[in-house]
2 protein chains.
Amino acid sequence: MEESILRNFFLPQSIALVGATSTPGFGYGIPLFWKKNGWLDKAYLVNPRGGKIHGKEVYRSVSDIPGTIDLAVVLVPSAVVREVLLDLGRKGVRSVIIESAGFAETGEEGKERQEELAELARKMGIRLIGPNCVGVVNTQNRFATIEIMDQSMEPGSLAIIAQSGVFGNILLDHLPSVGLKISKVATLGNKVDLDEADFLEYFVEDHQTKVILVYAEGARDGRRMITALRRTSRKKPVIILKSGRTPYGREATRSHTASLSGEDRIYDAAFRQAGAIRVANLQEMIEIARVLTTQPPMPGERIGVLTTSGSLGAMTADAAYLEGMKLASWNPGTIRKIRSRAPGWVNVKNPLDIGPSGIFPAACEAIFSDPHADGFILIPVIPYTPIENYFRMGLQMKELLGDWAALREKIAGKPVVAVLLGYGRWTEKLKDHCGQRIATVSSPEAAVKALSALRRYGLQSRR
Amino acid sequence: MEESILRNFFLPQSIALVGATSTPGFGYGIPLFWKKNGWLDKAYLVNPRGGKIHGKEVYRSVSDIPGTIDLAVVLVPSAVVREVLLDLGRKGVRSVIIESAGFAETGEEGKERQEELAELARKMGIRLIGPNCVGVVNTQNRFATIEIMDQSMEPGSLAIIAQSGVFGNILLDHLPSVGLKISKVATLGNKVDLDEADFLEYFVEDHQTKVILVYAEGARDGRRMITALRRTSRKKPVIILKSGRTPYGREATRSHTASLSGEDRIYDAAFRQAGAIRVANLQEMIEIARVLTTQPPMPGERIGVLTTSGSLGAMTADAAYLEGMKLASWNPGTIRKIRSRAPGWVNVKNPLDIGPSGIFPAACEAIFSDPHADGFILIPVIPYTPIENYFRMGLQMKELLGDWAALREKIAGKPVVAVLLGYGRWTEKLKDHCGQRIATVSSPEAAVKALSALRRYGLQSRR
């Protein structure tokens, strides 16, 4: 594929919106969003009624538009989409997003309409996203074909490829509140033309993008998707969430974006072979994405765990076993260092449970300098009431837990993840203490899964 | 077991704290906590140095205490615990909590000390919690043998039995922020005497308690624990989180609270047979607890799902299949009702994905009145930017989504769970809209698991 065609979807010089309206809805909201973000000047609005929308002249048809159009966004009812596409083709437009629903997802009639669309696009050399989607987002130039919130527009390093438009949109709303910032988004809908493989190929070369999230329900061409996943995973981690895993889910996705989901186990094996990181649900996706965007690949499989709660240590050990990771065996020197600082009741093992001994700083320093561990999980869960007493006495976080930022810099090539649990004021303090270079998650299981993903990525990227 | 002995742990008339101190630590914090909560008047503080702590006279030894003691809390170093226990026994104390660590969890020597303790308690007729624990909490009378935050003391209906003291304490810190309120807590530590079975038997009769959470690492007597779980589950749902599931985890729990974890699969089958709800992690435990404390048992296995996102609908369907639940087949009347209100592109199935059609109120009313569904999952995920426009136009939540509180009252015998995802301001509004009678969770998987638990409880409680 010529790269320039996909580039038009994210970096258009001129855009047309077919189906602009003067009453609330996408046709009203999108040009308003463009106005706010400096794109209305580069836009042509189209509606048979003409007039003005947000102070901008409205063309009665595509053929009335005077200039060239890099990208067209189509919002008209499904029955007239074909006609609009014909107009766009004649006008020389080669990149089109069809957001309109009412195609294969609604039944036989819609399926026929969709097939006509696909054929027409092929004939006219048009590359198409959709139908039944919300198109694209590029946070770098603040271009989007959906209305999203300002905070979702803050540039980041996470690219998203989502089959479903609503789901992509929900992710955009949700991710900033969990500390994730986005580079680009493509929502694909019914995928009559462009699909996951096309955008994987585009995002792997995109300088803003470090990690790619894929939400898929089914692949049109499984082999093509797996090939693209394999190529991409060598350079950037790809996290994939695929629904339609069961007969019920397949039934549900069939009507929703009109693609038959493939057999789940085959996908599972293929994703793994391709080096992609498959997650079971949204929560896992978010936490692993947060770790992957901030941590280096894991150079080996041996995890070191420092905890103030034996129970959470045991849960971490269980998770490590289930994920096929190893627990590091501490160096004799590490054990000596810790024993010299710990009260007698501390049993120096891995997970290292120091309970309320107060030796977190020394223990953290000791395990971080142990070459037998390839990555670390810190579990500084401490009941808040005694902590509050320490704060009242003027104790600082660095005295309580150690200077994590400084300690962390000395092992820049190893991932460090902290599990935050407990009272909100305490976890907020901990989040600050972790800073930008230590990733935070909310459970031992997520910490281990993220390290396992970093390990797989470490192996993959060396191939 | 005589009920009165366990009652002394939660409703003592007089208490002794052996190991009170005038410098920060448990020995200082606990009497301070008692002072705040009106318990210091009923307390005797003991420390060989005598003097005063928080204005209260300190006795030099247990034998100096003038009155009777319902409950003694022991905080002294492990080496002198035996001596203290001997004093307490001679004084006639029959309920003792030993919080001190330094027993079987530290190795052979500690193990011997612990065995001596167990023997002594048996001889003297003392019932013991611990050692290596933080004892008990009763929110109703604001009695606790640990310092906890005020918000954790708000009376609720969730009882907790936790092997680990720190973990119990962390739960106490964390639960109020996720909307859970507690009735009573028992942390068990090394369990030389009282164990999970004893507290299950006590909490099943406790009027404040509706749901019981158990965090276990291993059982001293598996058969006894399973018997108690079975008896309890008939009357109240029991959620159990057990770590030490794997060889790594077992190794970790061995040093931590000194009990060998049993084979995980055997436990899994036994828990299931006993009607207990086993959860895989803390997050799942919290979300299921929240649903169980507010929703009725599920009268059948057929779930009805209403969603604005086909993707989240598909994830719900996948989860339902994996949990062995069924998706309801809508009544023909329900389908007609929805079709009459929905645009043509809405495919009336279950999960019912209404996309951005805006028919949530009508669809919710239609499915709630369908007798073919035994419980409901609502997934009102909507991108915030268009929503904000509606709010600006003066639209209310009831107009947007329907009057959930009123609709819900008509099906009081069926559980209703809402999945909240997206922008924080929107999920906060949704939480308000759900009110007290609709439970909220953060993922489709949690919603389904909770309904599955309510279903199992529905079956169990009829036995």
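**Exercise 1. State which residue follows α11(A) and what the sign of its phi is.**

Solution. The residue after α11(A) is Gly324(A), and its phi is positive, near 75°. Helices here are DSSP runs of H or I with at least four residues, strands are runs of E with at least two, and both are numbered from the N terminus. The model is predicted: local features need pLDDT of at least 70, side-chain atom pairs count only at pLDDT 80 or more, and totals for chains, interfaces and linings use all residues. Residues are numbered from 1 along each chain as its sequence is written, while chains are lettered from A and ligands numbered from 1 in the order in which they are written.

**Exercise 2. Compare the expected span of helix α11 of chain A with the distance between its end C-alpha atoms.**

Solution. Step one: the expected span is 1.5 Å times one less than the number of residues. Step two: α11 of chain A covers residues 310–322, which is 13 residues, so the span should be 18 Å. Step three: the end C-alpha atoms are 18 Å apart, in agreement with that value.

**Exercise 3. Decide how α11(A) sits in the structure, using its buried residues.**

Solution. A residue is buried if 20 or more other C-beta atoms lie within 10 Å of its own, exposed if 12 or fewer, and partly exposed in between, with C-beta atoms placed from the backbone. In α11(A), 12 of the 13 residues are buried, so the helix is largely enclosed by the rest of the structure. Among them are Gly310(A), Leu312(A), Met315(A), Asp318(A) and Tyr321(A). For chain A, buried residues make up 59% of the 463 residues.

**Exercise 4. Find which helix of chain A gives the most to the side that touches chain B.**

Solution. Contact requires C-beta atoms, placed from the backbone, within 7 Å. By this criterion 69 residues of chain A are in contact with 68 residues of chain B. On the chain A side, α5, α8, α10, α11 and α14 each supply at least two residues. The most come from α11(A), with 11 residues.

**Exercise 5. Place Thr334(B) in its helix and list what Thr334(B) touches.**

Solution. Thr334(B) lies in helix α12 of chain B, residues 332–341. With 25 other C-beta atoms within 10 Å, Thr334(B) is buried. Leaving out residues up to four places away in sequence, Thr334(B) touches Ala366(B), Ile367(B) and Asp370(B). Ile367(B) is 33 residues from Thr334(B) along the chain, and their C-alpha atoms are separated by 6.4 Å.

Terms used:
Contact = placed C-beta atoms within 7 Å.
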